[in-house]
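Please open the model in your viewer and keep the sequence beside it, since this tour proceeds by selecting one place after another. At each stop there is something to select, followed by an account of what is found there.

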Amino acid sequence: MERNLKNVLVISFGFLLLFTAYGGLQNLQSSLHSEEGLGVASLSVLYAALILSSMFLPPILIKKLGCKWTIAGSMCCYIAFSLGNFHASWYTLIPTSVILGVGGAPLWSAKCTYLTIAGNAYAQKAGKNGKDVINQYFGVFFLIFQSSGIWGNLISSLVFSQASTKASGVLAVLLIVTFLDQIKSDQAETEKEILETSSFWSTFLATFQHLKDKRQCLLIPLTIYSGLEQGFLSGDYTKAYVTCALGIHYVGYVMICFSAVNSLCSLLFGKISQFTGRKLLFALATITNTACIIALLLWKPHPKQLAVFFIFPALWGLSDAIWQTQTNGLYGILFEKHKEAAFANYRLWESLGFVIAFGYSTKLQIYIKLYILLSMLVLSVATYGAVEYLEAKSSPATPPVTKKEDVGPLTQDTHV
């Protein structure tokens, strides 16, 4: 347990350091670089590159390099984007956005794969339910990771500059390289043997082949919605509501509120999901998001209503904590045998949601965006319900978990 927890914490704090630099930049892009739409354009290019990367790179890199070195290498792409913001222009932001997008999919897919393997390995040894341990691991990760929004936005709000946070990305890479164990499991070794006998193209197209699973297809709307709702808050709420009514200097503080609630709720929901089940938590997120969307449609923001500007991101952070922890956990549980391809699909469709959100950010009025968001939420809940129905139909009873003493959770991989 100690080694498992150590590695979960190393990944979590690595992402914390990396996104302390990047998170504040993303939230300010639409407001800070609004001239000629440079900020929104850079985010759109970023997530478009992320979509292309998700289609092909994660299964190949994870199987060739392992999770540890895929994470470390991909983090360097985020550092490049931070450097591009030193002298923001079309010639610096667009190319570095492409670089970040290329590295983004392998980074998140490797992280999710690592946590899933670690959770299953510990669950087998301790005689616990794998999905409960995986949800707890994702809860711990998002608790620490989402707090990056607090520190990054606090710095950007106080000094309105990201210069003091850029070095944290370098520290993130050093932390991963130095302290993260290369994960090794019986399943990982089996996958490696399969890789050696399979063709390059079968691995290259693994992300698309995974779409043959109807459960994956049914989860596409929910995954796209995850990108839409995050893109709306960071790209539209901050610009249309906060910047217009209060000024750009309040954007960071509003996002701090979102990140703080999101961080705490991630740990809470990751822990209590073993008692409540994921269906109840998804219902809570649906009700909360629906209420927020309807309220935003009716609300006429005024500077004197300062508290209201913070209530919305707080409630949004609560629901997003559920979308992130439970959807990631759901992918790890449903597609345990094809983790790399599954999480590559997760990043692909979530990134598409971001691209759509940022793509129509400057084209549509805010009320139309809210109606699109509400419609997508309804569709997502319906298709998610179909996945739960298929799961209940295929596995009516859960067999008891047997304790396996001979399974080692994490060992040093001598092949890397």
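Begin with the largest nonpolar core, which holds 105 residues, and select F15 and Y237, the two that touch the most other members. Then colour helix 2, residues 38–84, because this helix supplies the largest share of that core, namely 16 residues. As you look, bear in mind that the model is a predicted one.

Stay with F15 for a moment and display what surrounds it. Setting aside the neighbours within four places in sequence, F15 is in contact with I71, M75, L107, W108, K111, F141 and F145.

Now zoom out and show the whole protein as a cartoon. The secondary structure that appears consists of 15 helices and zero strands. Of the 416 residues in the protein, 57% are buried. If you consider the contacts with a separation of 6 or more, 87% of them are accounted for by residues 24 or more positions apart.

Next, select G104, which you will find in helix 3, residues 90–126. Is G104 buried or exposed? With a relative accessibility of 0%, G104 counts as buried, since the term covers residues under 20% relative accessible area. When residues up to four places away in sequence are not counted, G104 touches L50 and Y78. Add C77 to the selection as well: 27 residues separate C77 from G104 in sequence, while their C-alpha atoms are 7.7 Å apart in space.

From there, move to a pair of helices, selecting helix 10, residues 214–245, together with helix 14, residues 339–359. The axes of these two helices come within 7 Å and cross at roughly 45 degrees; helix 10 and helix 14 are therefore oblique to each other. Their crossing is right-handed, and the residues of the contact between them divide into 12 nonpolar, 10 polar and two charged.

The following stop is S273, located in helix 11, residues 251–276. At 5% relative accessibility S273 counts as buried, and, leaving aside its neighbours within four places in sequence, S273 is in contact with N135, R278, L281 and Q326.

R278, one of those partners of S273, leads on to another helix pair, so to speak, when you select helix 12, residues 278–298, and helix 15, residues 366–394. How are the two arranged with respect to each other? Their axes come within 10 Å and cross at roughly 165 degrees, and helix 12 and helix 15 are therefore roughly antiparallel to each other. Helix 12 passes helix 15 in a left-handed crossing. To see the contact itself, show the side chains of R278, K279, F282, T286, N289, T290, I293, L296 and L297 on helix 12, and those of Y367, L370, Y371, L373, L374, L377, V381, Y384 and E388 on helix 15. By class, this contact of helix 12 with helix 15 has 12 nonpolar, three polar and three charged residues.

Keep helix 15 in view and add helix 13, residues 306–334. Helix 13 and helix 15 pack at an angle of about 35 degrees, and their axes are 14 Å apart. Here too the crossing, in which helix 13 passes helix 15, is left-handed. The residues that meet are W316, W323, L330 and L334 in helix 13 and L373, L377, Y384, V387 and E391 in helix 15. Sorted by class, the contact of helix 13 with helix 15 has eight nonpolar residues, no polar ones and one charged.

Two residues of helix 13 make up the end of the tour, and S319 is one of the residues placed in that helix. With a relative accessible area of 0%, S319 is buried. Apart from residues up to four places away in sequence, S319 touches A285, T288 and N289; N289 is also among the helix 12 residues that make the contact with helix 15.

Finally, select I311, which is likewise found in helix 13. What is the exposure of I311? I311 is partly exposed, having a relative accessible area of 45%. Add C292 to complete the view: I311 and C292 lie 19 residues apart along the chain, and their C-alpha atoms are separated by 9.5 Å.

Key. Residues are numbered from 1 along each chain as its sequence is written. This is a predicted model: local features need pLDDT of at least 70, side-chain atom pairs count only at pLDDT 80 or more; totals for chains, interfaces and linings use all residues. Side-chain values use heavy atoms; hydrogens and water are left out. Axes are lines fitted to C-alpha atoms, for helices over the stretch in contact, and angles run from 0 to 180 degrees between N-to-C directions. Helices (H or I, at least four residues) and strands (E, at least two) are DSSP runs, numbered from the N terminus. Angles under 35 degrees count as roughly parallel, over 145 as roughly antiparallel, 65 to 115 as roughly perpendicular and the rest as oblique. A crossing is left-handed if the near helix is turned anticlockwise from the far one by less than a right angle, and right-handed if clockwise. Contact means heavy atoms within 4.5 Å. Ala, Val, Leu, Ile, Met, Phe, Trp, Tyr, Cys and Pro count as nonpolar, Asp, Glu, Lys and Arg as charged, and the others, Gly among them, as polar. Buried means under 20% relative accessible area, exposed over 50%, partly exposed in between (1.4 Å probe, protein chains only). A nonpolar core is a set of buried Ala, Val, Leu, Ile, Met, Phe, Trp, Tyr and Cys residues joined through side-chain atoms within 4.5 Å.
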